[in-house]
Amino acid sequence: MKNLRNHRKYAWAAGMLTVCCLLMASLSHAAIEGIAGPSFTLTATTGYVVTSDGDSFLFWGYAAPNSNNGQMQYPGPTLIVNEGDVVTVTLTNSLPQNTSIVFPGQKVTAAGGVPGEIAQEAAPGAQVTYTFTATHPGTYLYRSGTRADLQVEMGLLGALIVRPAMGAGFAYNHPDTQFDREFLLVITEMNPTIHRFTELGLMHLVNTSNNRATNWFANGRNFPDNMAEPLVPWLPNQPYNFVPRMHPGEKVLIRSVGAGNDLHPFHYHGNDIEVIGVDGRMLSTGAGRGPNLAWRAATRRTVPGQTADVIWTWSAEKLGWDIYDHQPGIVYPRADINAAWPGSVCDNFDPLTFDPDNPPADQFVFDTYTYEYCPDHGVQFPVILPQRDSLSFGDFYAGTPFLGGEGNLAPGDAGLNSTAGYFFMWHSHTEKELTSNDIWPGGLVTFMIVEHPRVAID
Ligand SMILES: [Cu+2]
């Protein structure tokens, strides 16, 4: 598996013009929604968060003039800076009590404000400015440092991304941390009782010591709202979504942030993940050795206050059937792609001479264009599909279980999966967290969508 990257580079070098390569490389780094630094202006203020059971709650959060049309948002704006930047964050407090921001992992100095227990605070109507140098690339959390049991619950939190000097396509300053796409996953939860009492100003009734959540969020939205587009008008304080998408064989970086107060085991279906960094530090036994302490897992605990950089990939290798729905003996027209890619490896692959115990190099086993695992080329789906009349059609059923051609849906069913993408559920493995206030499905769920290579993602 680790040679897949090399195979891809080989194919591109052989088949594409340099200028085309550069264009594709820049497009392939799916952007994380956020605002670029190094100077930020945040206001702590109020807004309303809509839950997927149809309710809405008062939240406290951060607003920035250059994010979400200047409206308060949950989570706060994702702050994106470069390694070495001197970062300044000016916080204006429009809340009824003192507040502050802490930046775990950064050496922060503050100007203005009043001393708090763990950070310099801004009183209501006042300002405080924080300054730090982004010395280490990685994924970080920022959140309230004032009465965090209440203020984090109320929504004063966000993510900070420090891009390495090596370039935006790397998680850290090591070639093995290169990725094709990246997505942010800020995990939080909320207890409606605290938000109701706070909205009514009944602060003496707010008890955070018996805090019990009933709603769970990925990037500030419950499922299925987190699969809607970013910046939809019906979620004015929840601009971010969480819809990871990729093409087979790509390396996807998930920057996961435990921004709430509870642990959440998060399960990545479809393949194990590889954890390459924690709290903005690449896992490595020594300088230059790369992420060689990375561990693989199907489910990883999201820890409050901790971040983790996780790589996930999927290639259909050794699936045992042809996910592209190629029928045996049929040669598929590739004229449209041969101009850019030097033809299909799988069309020329000879299964009779293939020795799985002694396989040739990856570039002769994986298709140049689709990333198909050639020994599975044309191998039929191992199960006889039920008759169409016996199927229950979900919204994401495309008329085919494959990445290949689309079929006909049942009469009257428009379907949502118009690209015949392949869906893997990613979700909390605390099963109660698959609800929104006891309504299923909801909460901390999304789907990774593996798209056919012909489907444009960006
Ligand atoms: Cu699962």
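In which order do the 5 strands of the open sheet with mixed pairing stand?

**Figure 1. The open sheet of 5 strands in the predicted model.** The strands of this sheet follow the order 3-2-5-9-6, and their pairing is mixed. Strand 3 (56-63) and strand 6 (109-112) are found at the edges; each has a single partner strand, so one side of each lacks a neighbour in the sheet. On average, neighbouring strands of this sheet are turned by 25 degrees against each other, direction ignored. At one edge, strand 6 runs antiparallel to strand 9 (residues 127-133), and 4 bridges join the two. Within this pair, Thr109 faces Thr131 of strand 9 as its opposite residue.

**Figure 2. The open sheet of 4 strands.** Here the order is 1-4-11-10, again with mixed pairing. The edges are occupied by strand 1 (35-36) and strand 10 (138-143), each of which has a single partner strand, so one side of each is left without a neighbour in the sheet. Strand 1 is paired with strand 4 (residues 79-82) in the parallel sense, over 2 bridges. Ala36 has Ile80 in strand 4 as its bridge partner.

**Figure 3. Strand 21 (residues 307-313) and its surroundings.** Of the 7 residues of strand 21, 7 are buried, so this strand is largely enclosed by the rest of the structure. One side carries Thr307, Asp309, Ile311 and Thr313, the other carries Ala308, Val310 and Trp312, and both faces are covered. Which strand is joined to strand 21 by 7 bridges? Strand 15 (residues 251-258) is, and the two run antiparallel; in this pair Arg255 stands opposite Asp309. Strand 17 (residues 273-278) also pairs with strand 21 in the antiparallel sense, over 4 bridges, and there Val278 lies opposite Ala308.

**Figure 4. The largest nonpolar core.** This core holds 93 residues. The members that touch the most others are Leu42, Ala159, Leu160, Leu185, Ile187, Val252 and Ile311. Strand 12 (residues 181-190) supplies the largest share of the core, with 6 residues. Apart from its neighbours within four places in sequence, Leu185 has contacts with Ala218, Asn219, Phe242, Ile254, Arg255, Ser256 and Val257.

**Figure 5. Strand 22 (residues 422-428) and its pairing with strand 16 and strand 23.** Strand 16 (residues 264-268) is joined to strand 22 by 3 bridges, and the two run antiparallel. In this pair, Tyr268 is placed opposite Trp426. Strand 22 also pairs with strand 23 (residues 445-450) in the antiparallel sense, over 6 bridges. Phe424 is the residue opposite Met448 in strand 23.

**Figure 6. The whole chain and its confidence.** The chain has 5 helices and 23 strands. Of its 458 residues, 41% are buried. Among the contacts with a separation of 6 or more, 69% link residues 24 or more positions apart. The mean pLDDT is 86, and 87% of the residues reach 70 or more. Over residues 1-30, however, pLDDT is below 50, and this stretch has 34 contacts in the model beyond near neighbours in sequence. Residues 333-341 likewise stay under 50 in pLDDT, with 10 contacts beyond four places in sequence. Predicted coordinates should not be read in detail where pLDDT is low.

Notes. Residues are numbered from 1 along each chain as its sequence is written. This is a predicted model: local features need pLDDT of at least 70, side-chain atom pairs count only at pLDDT 80 or more; totals for chains, interfaces and linings use all residues. Two strands pair if DSSP finds at least two bridges between them. Axes are lines fitted to C-alpha atoms, for helices over the stretch in contact, and angles run from 0 to 180 degrees between N-to-C directions. A residue is buried if 20 or more other C-beta atoms lie within 10 Å of its own, exposed if 12 or fewer, and partly exposed in between; C-beta atoms are placed from the backbone. Two residues are in contact if their C-beta atoms, placed from the backbone, lie within 7 Å. A nonpolar core is a set of buried Ala, Val, Leu, Ile, Met, Phe, Trp, Tyr and Cys residues joined through C-beta atoms within 7 Å. pLDDT is the predictor's confidence in each residue, from 0 to 100.
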